[in-house]
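This report is meant to be read beside the sequence and the coordinates. It moves from a small sheet to ion pairs, then to backbone geometry and internal space.

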Amino acid sequence: MRSTAVLFVLAATVASLCAGEETNRVYLSGRDKDHTVDWQFYCTSGRNSGEWSTIPVPSQWELQGFGTLNYKKDVGEAANERGLYKHRFGADASWQGKRVLLVFEGVMTDAAAKLNGQTVGPTHQGGYYRFSHEITDLLRLGEENLLEVDVAKHSANASVNKAERLADYWVFGGIYRPVYLEVVPSEFIERVAIDARADGSFAAEVPINASENAALRVEAQVYTLAGEAVGDAFVAAYTADGPTRVAGKVGSPKLWSAEKPNLYEARFRLLRGDEVVHEVSQRFGFRTVEVRRDDGIYVNGNRVVLKGVNRHSTWPDSGRCLSKKVHRLDIKTIKAMNMNAVRMSHYPPDTEFLDLCDELGLYVLDELGGWHWAYDTHVGRKLVEEMVTRDVNHPSVIFWDNGNEGGYNLSLDEVFGWYDPQQREVLHPWEAYKKTNTAHYLEYERAIVASRGAPTRHGTGEEYQEWEDVNDPNKYIYMPTEMLHGLYDGGSGAGLEDYWSMMRQSPVLGGAFLWNLFDEGIRRPDGTVDCSGNQAPDGIVGPYREREASFYTIQQLWSPIQLQLADGHRLAIQNDYSFTNADECPLTWQLRRLPRPEDRTAGFEVLASGKMSLPTISPGEAGELLLDLPGESTSADALAVRVDDPSGRELWTWVWPVHESKPQDYIRSDRNASAKVKVVGGQVVVTTGDLLVRFNKQNGMLANVSRAGVAFSFKDGPVATTGESQLQSLSHSVAGGVATIKAAYSGALQSVTWTVRSDGWIDCEYAYSAKGPLEYCGVTFDYPESQVKSKRWLGDGPFRVWKNRRAGVTLGVWENDYNDTITGYSGWEYPEFKGCFANVHWMQLQTTEGRVTMVPHQRDIFVQVLLPSQAPEEMRGKTSFTLPECGVALLNAIPPVGSKFKPADSTGPMGQLAEAKGRYEGKVSFFFDASSP
């Protein structure tokens, strides 16, 4: 292993030397979780401790089988757990006369390093920051060198532990980001900090490490990413009393925004006469960010509304040791929801993530660590410096966050500006501060107040405080940096439609950030994914980024192009982009034929299709488009219209019915046999052909159905969900080969009429009463869950809905196998099988006994399939719901669902219980087919 490591370093060295006077980066570790280098390792306590072995670097040692894995705090021996690392590497003799820096991208938490037995510098404290030590005088050139790193999970600094290791997330240990050497000339450019504005002005602060009287100058040249020089170079003489400032102007640059992420490269040369002493390159973008008091956020003069999400840096198998593949997946997931922003919760991410935000287009809130507790000023100033100097040149970063939810040290606010020539605004997430109110988890009514500019803020626990400063008439920009706290199937998309409809009317809206992108689950050695009870399953997607229903709700509601079908052919269009004209977005339409129950397929048949661009509609404006549809529209069932962004990514696909279908369209059979009725013991028995239906004389309910001798366990219904009922009378008759069973009731259920038809279908007409606010109301039928295999239906899908989460589903024929997924708690198999489904035209349950087909005769009811399982009651927060226990239910009202901390009724009008109106009538038709077990 030692010789392999040496060869690795030497090979990297030779390749890097070809860069001439550029910084030569030589990796001692691997570059990410998928590309590692084994180092020697010793863990002081916990699993596999007490003996030397090897560990891949970078990694978190808990995910490699060492030590103790904890959430939110170090307990027991873990509070003193340390990891000792050793690594041998070669140092090339050609480095003579150069200077060498040892760089760590991130170590949790206190890191003390030695080279060849000598301390390289002070212990670094803080687990999310790049730090370096110069090791020029300690290296043995042309020989093998020994690097030793002593890593303590628990910091010797109490404020670091409070800010990082008592926070509401997993706490790990280890060298989890890359380690490398930087070989530079004896005089070199330490870093650059660029300020490039929308008017083309360009300035950069360039700290130079050189002697005080060195005759040096700095030259900066802007290039396109294709390598073409843009304008002339800018030159400034070296100054020893501070960063050298180089400035100039570029004519008409292409500007950077999340919608149009145009990037350039600046090459900085340190010159002595005509000699290039050192050269560094930096990618950047021209853009101007303004936070206008009493107004909003502007980029390049255009108002932007941030639609974002909070993102931890976690992967189930590797903790916070990630890869470019994971970063790209997360950004793809975020943008697929039509979000344009991301908040780094609650620490700065890998620099590769920010590189991709620059490249792919996302606005970023970059955050200093601190969760309810802040770093002390001494260590905090150093960590702010490390964070800002690393991330300052990313055009995607438009705000700095000084900690989270009280985890900010006010004395650090000014420190961000010391290293940032752009002077980005500093936020205090959850506080009304300076120009912006970032209050967390406001109830709907309080959010209305905040959206008008009042400084309403989140207080301690679930308490709130409101105040008015008569000396400050300014309105605060409203931009909650956390809202609709997801848990299981609650929050995130549930409640968003009400909040967003209200917020987008605000004259001071800056945006919103949902909590959280994914369930922060960690895979244990036994293969289970641990979300630490209900502390970490907060995601819109699962631990491996499995897309839940709220993902699609957000995608629809936050689409920057919104369509409404006005009269069958005319589309009303709203353009909510900030920089993109609607005519840049391609539109594809399809006329679809949707399968019938007898077709035995899902999906659809395309009868006709076409492509076109949307009309010219400026950002923020509305317009319309008349679709010229062909004659196939008369035979189509649905019109689907998909709109893509300029890159070809789907914004959303809207599906509307072309005509109003009737239940009779789906009730078909080639059977024809006259029905007969007889009374056998306590049952009324109806036969028609090979169908036999039994009704209970005591209560009038369906008792049993069999087809061709195969019994179906579908029974005991309809039962009204709103109370007890007593049978008053039961009658039966036969006319025209059709049998009719009529039951009259007192109580909640009022009447039921069963019709057993000669074609083998069974109709059930019912009436029941319901009054007052109710979580649900309707009728139920029993069927054993153990015998259900799959379902297929025409309606809105493929996900279930709640009263306050109706968006995110579309009309189609959908199909999925049985699962017992509890969203965010177990399974992560989506869509969930059980729950309430909207706009159902027909539904088939495939069972172990055969196929049961249902055709509701009303479109405004919901079909409930089985009773969804829930997490243990003590873990549900405010996401508990109540639905009837059943095989199938036909419901006129369904419950809303709350979030982790807020009940549904605090999230807006759709979160209120339905108000039952009195008498309800319904009809459903059934067909039982024993030929398809």
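What follows describes a predicted model, taking up selected features in turn.

## A three-stranded sheet

Strands β25, β26 and β27 form an open sheet in that order, and the pairing is antiparallel. At the edges lie β25 (289-292) and β27 (302-304), each of which pairs on one side only. From one strand to the next, the twist averages 35 degrees. Strand β26, which covers residues 296-299, is joined to β27 by three bridges, and the two strands run antiparallel. Within this pairing, Tyr298 has Arg303 in β27 as its bridge partner.

## Salt bridges

How many salt bridges does a search of the whole structure find? The search returns 52 salt bridges, and three pairs are set out in the table with the distance between their closest N and O atoms.

| Basic residue | Acidic residue | Closest N and O atoms |
|---|---|---|
| Arg269 | Glu279 | 3.5 Å |
| Arg668 | Glu598 | 3.2 Å |
| Arg919 | Glu921 | 3.0 Å |

Arg269 forms its salt bridge with Glu279 at a closest N and O separation of 3.5 Å. This pair links distant parts of the chain, with Arg269 in strand β23 (residues 264-272) and Glu279 in strand β24 (residues 275-284), ten residues apart. The two partners can also be described by their accessibility: Arg269 is partly exposed, with a relative accessible area of 29%, whereas Glu279 has a relative accessible area of 13% and is therefore buried, the limit being under 20%.

The salt bridge between Arg668 and Glu598 has its closest N and O atoms 3.2 Å apart. Arg668 lies in the loop between β47 (650-657) and β48 (676-680), and Glu598 lies in the loop between β43 (586-593) and β44 (605-613), so the pair ties together parts that are 70 residues apart in sequence. Arg668 counts as partly exposed at 47% relative accessibility, and Glu598 likewise counts as partly exposed, at 35%.

For the pair formed by Arg919 and Glu921, the closest N and O atoms are 3.0 Å apart. Arg919 has a relative accessible area of 44% and is partly exposed, while Glu921, with a relative accessible area of 54%, is exposed. Elsewhere, Arg343, Glu367, Asp401 and Glu482 are joined into one network by salt bridges that share partners.

## Backbone geometry

Two peptide bonds deserve a look for their cis geometry. One of them joins Val57 and Pro58, with omega at about 5 degrees, and Pro58 lies in the loop between β3 (53-57) and β4 (70-71). The other runs from Met108 to Thr109 and is cis with omega near 5 degrees; Thr109 is found in the loop between β7 (107-108) and β8 (110-115).

Positive phi values also occur in residues other than glycine. Tyr441 has a phi near 55 degrees and lies in the loop between β34 (436-437) and α7 (444-451). Ala708, which is not a glycine either, has a positive phi of about 55 degrees and is found in the loop between β51 (702-707) and β52 (710-712). Are these residues buried or exposed? Tyr441 is buried, with a relative accessible area of 8%, whereas Ala708 counts as exposed at 54% relative accessibility.

A glycine with positive phi is found after helix α4: Gly361 follows the helix, and its phi is near 95 degrees. Within α4 itself, which covers residues 351-360, the buried residues are Thr351, Phe353, Leu354, Leu356, Cys357 and Asp358.

## Internal cavities

The structure holds four cavities of 30 Å³ or more, and the largest cavity has a volume of about 100 Å³. Which residues lie nearest the centre of the largest cavity? They are Tyr488, Asp489, Ser869, Gln870 and Phe881, which belong to a lining of 14 residues. By residue character, the lining of the largest cavity divides into six nonpolar, five polar and three charged residues.

Conventions: Residues numbered from 1 in each chain as written. Predicted model: local features only at pLDDT ≥ 70, side-chain atom pairs only at ≥ 80, totals over all residues. Heavy atoms only, no water. 1 Å grid on protein atoms, 1.4 Å probe; cavity = no way out; pocket = protein on both sides within 12 Å on 5 of 7 lines; lining within 4 Å. Points joined across faces, edges and corners; volume = space filled by probe spheres on them. Nonpolar A, V, L, I, M, F, W, Y, C, P; charged D, E, K, R; others polar. Buried < 20%, exposed > 50% of the residue type's maximum accessible area, 1.4 Å probe, protein only. Helix = DSSP H or I, 4+ residues; strand = E, 2+ residues; numbered from the N terminus. Pairing = 2+ DSSP bridges. Axes fitted to C-alpha atoms, helices over the stretch in contact; angles between N-to-C directions. Salt bridge = Lys/Arg side-chain N within 4 Å of Asp/Glu carboxyl O.
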